[in-house]
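Below are some notes for your reading of this model, set out as numbered points. Please keep the coordinates open beside them.

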Amino acid sequence: MKTFFGCLREDLHRAFGSWMFLLAAVGTCVACILPYWEAVFTQGPVWGGYILWHQVLTFDPFYNFLFLVLACLPYSAAFCSDWDNRYIRSLCIRTGPSVYGASKTLACALAGWSASFLGRAGYFALCMLLSGGHMEHPEYGLSSAQSDAALSGGFSPLLSNGEIPGILLYILLIILVQSLYAGCFAAMSLMVSSFLPNIFVTLASPVILIFVTDGIMTLLNFPLYLYPEVVGNCQMGGLAMGGVGTSFLYAAAFFAALTALFGCLFTWKIGRRLDRG
């Protein structure tokens, strides 16, 4: 256990102390505001509440892919670096493949989650600044279909009375789930790097695997609550799995389980590589 925490401390320092982490956080914030950049500067503060809810409740495949790729920047390519520099064998001799794999996976997921959360939180703060600190109900500036979506999701009971604390918690839970989704795919990219240790393949893997997994799951008629994209994007106000608490706990457990699975595959592949020399 002491070896694990020592290894984790080193990995966290590498992940959070790099300029790539800052780039991922700032890039996420910029990507959130980018679709509304012109409107913000031409129409001013009246757009603050609108762009907040529009970003929270709508879904754009391009920006979905971009958010996932940005979450991979801080640490998903860590194995590629260790492999290219021939550090992998000495590291695994010192720590063991299991400790190395678990530490790398946890640090990668935490860095991806944190960068995504900070970027989205920065976007939220910018929206509040533009709107003069006013929290509008999601009906403000949105179509009836979009506002209906906000009131039909798993977190919708928080909006029932229209009070500020409920609206803030609603947005916070959506940001948390979207960030867990991003952190999970950062760990998935780390796993892919153990099979193909190439930084470009690693960073592109979320885009490729979303298409592949969505196609397979659609073909096999999987239920919606097993689609990572549906659970993680929250474009309908959160996947409804009972009440607010159970909906959030399901999403958190879902992405934690996927992250653990990717970590196991990553560790297994490292062991195979070392066995083959």
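**Notes on helices, core and cysteines**

1. In this predicted model, helix H2 covers residues 19–33, and at 1.5 Å a residue its 15 residues should span 21 Å, which agrees with the 21 Å between its end C-alpha atoms. The buried residues of H2 are Phe21, Ala24, Ala25, Gly27, Thr28, Cys29, Ala31, Cys32 and Ile33. As general background, an α-helix has 3.6 residues a turn, so residues three or four places apart point the same way.

2. The largest nonpolar core holds 64 residues, and those touching the most other members are Phe79, Tyr100, Phe155, Tyr170, Phe255, Phe266 and Ile270. At least two residues of this core are supplied by each of H1 (2–16), H2, H5 (61–72), H6 (78–84), H7 (88–95), H8 (97–130), H10 (164–195) and H13 (244–275). The largest share, 17 residues, comes from H10. In soluble globular proteins, nonpolar side chains tend to be buried together.

3. Asp82 deserves a separate look, as a residue of helix H6 that counts as buried because its relative accessible area is 1%, under the 20% cut-off. Its side chain is joined to that of Tyr100 by a polar contact of 2.7 Å, and Tyr100 is also among the core residues that touch the most other members. Leaving aside neighbours within four places in sequence, the residues in contact with Asp82 are Arg14, Tyr87, Ile88, Leu91, Tyr100 and Lys104.

4. How many disulfides does the count come to? With sulfur atoms required to lie within 2.5 Å of each other, the count comes to zero. Cys7 is in no disulfide, and the nearest cysteine sulfur, which belongs to Cys92, is 8.7 Å away. Cys7 counts as buried because its relative accessibility is 9%. Cys72 is likewise in no disulfide, the nearest cysteine sulfur being that of Cys108 at 6.9 Å, and Cys72 counts as buried because its relative accessibility is 1%.

5. Is Cys264 buried or exposed? This residue of helix H13 counts as exposed, because its relative accessibility of 53% is over the 50% cut-off. Cys264 and Met191 are separated by 73 residues in sequence, while their C-alpha atoms are 8.7 Å apart in space.

Definitions and conventions. Residues are numbered from 1 along each chain as its sequence is written. This is a predicted model: local features need pLDDT of at least 70, side-chain atom pairs count only at pLDDT 80 or more; totals for chains, interfaces and linings use all residues. Side-chain values use heavy atoms; hydrogens and water are left out. Buried means under 20% relative accessible area, exposed over 50%, partly exposed in between (1.4 Å probe, protein chains only). Helices (H or I, at least four residues) and strands (E, at least two) are DSSP runs, numbered from the N terminus. The expected span of a helix is 1.5 Å times one less than its number of residues. A nonpolar core is a set of buried Ala, Val, Leu, Ile, Met, Phe, Trp, Tyr and Cys residues joined through side-chain atoms within 4.5 Å. A polar contact is a pair of N or O atoms within 3.5 Å; within protein, one must be able to donate a hydrogen and the other to accept it, and residues adjacent in sequence count only if both atoms are side-chain atoms. Contact means heavy atoms within 4.5 Å.
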